[in-house]
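Here are my notes for you, written as numbered points that can be read beside the sequence and the picture. Please keep both in view while you read.

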Amino acid sequence: MATSSPIRIDDDVHASAKLMASVMSRSTAQQVAHWARIGRELETSQSVSQQAIAQVLEGEASYDGLNAKEQAVVRAEWVEHMKQRREALDLAAEFIAAGRSFVELDEDGNIVEHARTDDQSTAV
C-alpha cells in the first residue's frame, strides 16, 4: 500500500491539477503524483539532455537546437523563473523612492492615481 506525505504546492499548480484531475477522472493528489512521475521520467530520460537544457537556460545555446521534450523542460523552467521575478517586483516602492507618479487598479477595479510629490492616493 502506498503511503503519502504532505507537501506544499503553489495555488496555481493546485488549481491546474484540480481542473485536469476532473477531466482525467483522478483525484487532485493523483494528478499531482502523475505529473511528478512524468517530470521524473523526463529528467532521467536518455532522450533528454540535462546538459543541453542547462546550456539553453544559461544563454549558451539555442532553444531551437533542443528536441521537443527538452523544450518542454526549458519552458517549464522559464515559467517558474518569470513567476519568481514577478513576485519579487515592488514597482510601487520603486516609483515612490524615485519620486514618480503612477496609476494602478484597486481591488474593486477602480483607478488609483499616486501623485508624484504627495503620499496621498486619490481614486479617479
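The points below deal with salt bridges, then a patch of charge, and then a pair of strands.

1. Before anything else, please bear in mind that this is a predicted model, and that the residues are numbered from 1 along the chain as its sequence is written.

2. The structure holds 3 salt bridges. As background, side chains of opposite charge can pair when their charged atoms come close.

3. Consider first the salt bridge that Asp-10 forms with Lys-83, in which the closest N and O atoms are 2.4 Å apart. Asp-10 lies in the segment before α1 (11–24) while Lys-83 lies in helix α4, so this pair ties together parts that are 73 residues apart in sequence. As for their surroundings, Asp-10 is partly exposed, with a relative accessible area of 35%, whereas Lys-83 has a relative accessible area of 15% and is therefore buried, since buried means under 20%.

4. Lys-83 also forms a salt bridge with Asp-12, and here the closest N and O atoms are 3.5 Å apart. This pair again links distant parts of the chain, with Asp-12 in helix α1 and Lys-83 in helix α4, 71 residues apart. Asp-12 counts as partly exposed, at 44% relative accessibility. Taken together, Asp-10, Asp-12 and Lys-83 are linked in a network of salt bridges.

5. Another salt bridge joins Glu-41 to Arg-40, with the closest N and O atoms 3.5 Å apart. Glu-41 is partly exposed, with a relative accessible area of 46%, and Arg-40 is likewise partly exposed, its relative accessible area being 46%.

6. Which residues gather in a patch of negative charge on the surface? They are Glu-43, Glu-77, Glu-80 and Glu-87, and helix α4, which covers residues 68–88, gives the most to this negative patch, with 3 residues. Glu-77 is found in helix α4 and is partly exposed, with a relative accessible area of 42%. A residue needs over 30% relative accessible area and no salt bridge to belong to a patch, so the 42% of Glu-77 meets the area requirement.

7. Turning to the strands, β1 (residues 102–105) and β2 run antiparallel and are joined by 4 bridges. Within this pairing, Phe-102 stands opposite His-114 in β2, and Val-103 stands opposite Glu-113 in β2. The hairpin of β1 and β2 has 5 residues between the strands, and in this hairpin Gly-109 takes a positive phi near 85°.

8. Along strand β2 (residues 111–114), which side chains are buried and which are not? The side chains alternate: Val-112 and His-114 point to one face and are buried, while Ile-111 and Glu-113 point to the other face and are not buried. When you look at the picture, it may help to recall that His-114 stands opposite Phe-102, and that Glu-113 stands opposite Val-103.

How values were computed:
This is a predicted model: local features need pLDDT of at least 70, side-chain atom pairs count only at pLDDT 80 or more; totals for chains, interfaces and linings use all residues. Side-chain values use heavy atoms; hydrogens and water are left out. Patches are made of residues with over 30% relative accessible area and no salt bridge: like charges are joined within 9 Å, nonpolar side chains (Val, Leu, Ile, Met, Phe, Trp, Tyr) within 5 Å. Accessible areas come from the Shrake-Rupley method with a 1.4 Å probe; for residues, only the protein chains shown count as cover. A salt bridge is a side-chain nitrogen of Lys or Arg within 4 Å of a carboxyl oxygen of Asp or Glu. Lys and Arg count as positive and Asp and Glu as negative; His and the chain ends are not counted. The place of a charge is taken as NZ of Lys, CZ of Arg, CG of Asp or CD of Glu. Helices (H or I, at least four residues) and strands (E, at least two) are DSSP runs, numbered from the N terminus. Buried means under 20% relative accessible area, exposed over 50%, partly exposed in between (1.4 Å probe, protein chains only). Two strands pair if DSSP finds at least two bridges between them.
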